[in-house]
Amino acid sequence: MIKVEHLDKTFGSLKALHDINLQVNQGDIISLIGPSGSGKSTLLRCIHGLEKADSGNIYLNGELMNPADKAKYAELRKKMGFVFQHFNLFNNKTVLENCMLAQITVAGKSPQDAEATAMDYLEKVGLSDKRDAYPSKLSGGQKQRVAIARALCMHPELMLFDEPTSALDPEMIKEVLEVMKELGRHGMTMIVVTHEMGFARKVGNRVVFLENGRIIEENTSEEFFTNPQSDRAKDFLSKVFYD
Amino acid sequence: MLDILNPENLMFMLKGAGFSLLLAFGAILFGCVIGVIMAAGKMSRSRLLNALASAYVEIFRGTPMLLQVLFFYLGVPVIYQRITGVRMNANPYIVGLLALSFNSGAYQTELIRSGINGVDRGQWEACETLGIGYATMMKEIILPQAFKNIIPPLVSEFIMLIKDSSLISSIGALELLYAAQVLGKKYYDYLDPLIIAAIIYLTLTLITSWVARRVERRLSVSD
């Protein structure tokens, strides 16, 4: 579904990504893990095009994502939903308006259709009763669930999550992970930058471990957590799990 | 004092105050339109647009407002006549409104620009990931939040405009200060009309601040 080839990215003198190659298949739930500054978020942002890679190619459903071909590029990007660490809900819009804006202005739906779809997804994330609330009145977990619903309203084929639970209070992490797990159960392809090892292990089917902008290890979740191949992954896991 | 304070004279001054308020209102609105356009120019990647917008801001902020008013009233008709060969009779109200608008536009350019820069980058990125285009993003998400952030300085700007509209008296537009001067001449008494004018200006600016505080509280529901 997604193929990343020889991706490089530098920020000034910092080499953020180094010759990244990655294949994502339909239905995959891939966890990008690694220490901070390893390039996980940068890779995710490059896949969506929020950051422009220096070189390398990204293919979506076999089609090259080429920013120079604006119309085609915009069409391809619409197939991806993106969820941010800090939610980024529109502060001046209600929950329902957050979910409707792009449907009306981008997908060209009627307000009635857009509202029906929005309510459908808000129902799925358990927040239909908050339809008229402003984001400032929601908890972190609720904000993130609205953000997921907002992305789903555009019917993406692939969902990208950039540390979706890192900004949440501990007791709100689960409600967001539950929504993501449910999405996975319905066959959504997902790439998740996460520090939630439980999620990576139980919900994800594959793990990509990065360090210093390189992919160090790529493995099935089960293998990665029970029998990591690289010393760096072993070291990382021994530090992450406290026992 | 009692002579001057008859209903007729009071109406005369209140009418002048009405014009002052109208001029300030028109100038804040037109200035806002100019400000949005120029802020877009300042923030655009085009060097030319950048330079034009910067030059505009620097010129109008860096020269006296009275000079600008006189230039629009006395200078622009000369330019017009040299180009077309036809004499132009400038209307002091329209000229005054233009001068105030362009002056305020320069200050509002910087206000709006800082307001836009103050909107969290995440709001822009959320629009990008949802495929929302630049115009919709600006209209629906960025500008509403930017304006909300700059309401306090915009109110100060409006209060400045109420006071600065008095400069238009210099080109014979019958606003509040000019009305006071007319009465002063008529009664050989400048003290009383000036005091009355000051009270009216103060009333206008205090009411403005009060209304602004209420509006701000109303808008903070989404905070």
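How many of the ten residues in helix α5 of chain B, residues 121–130, are buried? I would like to start there and then move outward to the charged side chains.

Before the answer, a word on what we are looking at: this is a predicted model, in which local features need pLDDT of at least 70 and side-chain atom pairs count only at pLDDT 80 or more, while totals for chains, interfaces and linings use all residues. Residues are numbered from 1 along each chain as its sequence is written, chains are lettered from A and ligands numbered from 1 in the order in which they are written, and side-chain values use heavy atoms, with hydrogens and water left out.

Now to the helix. Eight of the ten residues of α5 in chain B are buried, where buried means under 20% relative accessible area, exposed means over 50%, and partly exposed lies in between, with a 1.4 Å probe and protein chains only. Those buried residues are G122(B), Q123(B), W124(B), E125(B), A126(B), C127(B), T129(B) and L130(B). Their cover comes from both chains: it includes α1 (40–48), β6 (80–83), α3 (95–105) and α5 of chain A, together with α4 (92–117) and α6 (134–149) of chain B, and a contact here means heavy atoms within 4.5 Å. Just after α5(B) comes G131(B), which has a positive phi, near 80°.

Let me set that helix in its chain. Chain B has nine helices and zero strands, these elements being DSSP runs, numbered from the N terminus, with H or I over at least four residues for a helix and E over at least two for a strand. Of the 223 residues in chain B, 43% are buried, and the C-alpha atoms of the chain fill a box of roughly 70 × 50 × 25 Å along the principal axes. If we take the contacts in chain B with a separation of 6 or more, 76% of them are between residues 24 or more positions apart.

Next, the salt bridges, each defined as a side-chain nitrogen of Lys or Arg within 4 Å of a carboxyl oxygen of Asp or Glu. By this rule there are 22 over all chains. In one of them, E51(A) meets R45(A) at 3.1 Å, N to O, and both of these residues are buried. In another, D132(A) meets R131(A) at 3.7 Å; here D132(A) counts as exposed because its relative accessibility is 54%, whereas R131(A), at 28%, counts as partly exposed.

What about R145(A) and E175(A), whose closest N and O atoms are 3.0 Å apart in a salt bridge? R145(A) lies in helix α5 (residues 140–152) of chain A and E175(A) in helix α6 of chain A, so this pair ties together parts that are 30 residues apart in sequence. R145(A) is buried, at 12% relative accessibility, and E175(A) is partly exposed, at 25%. There is also a network of salt bridges that links E211(A), R232(A), D235(A) and K239(A).

Finally, helix α6 of chain A also holds K181(A), which counts as partly exposed because its relative accessibility is 40%.
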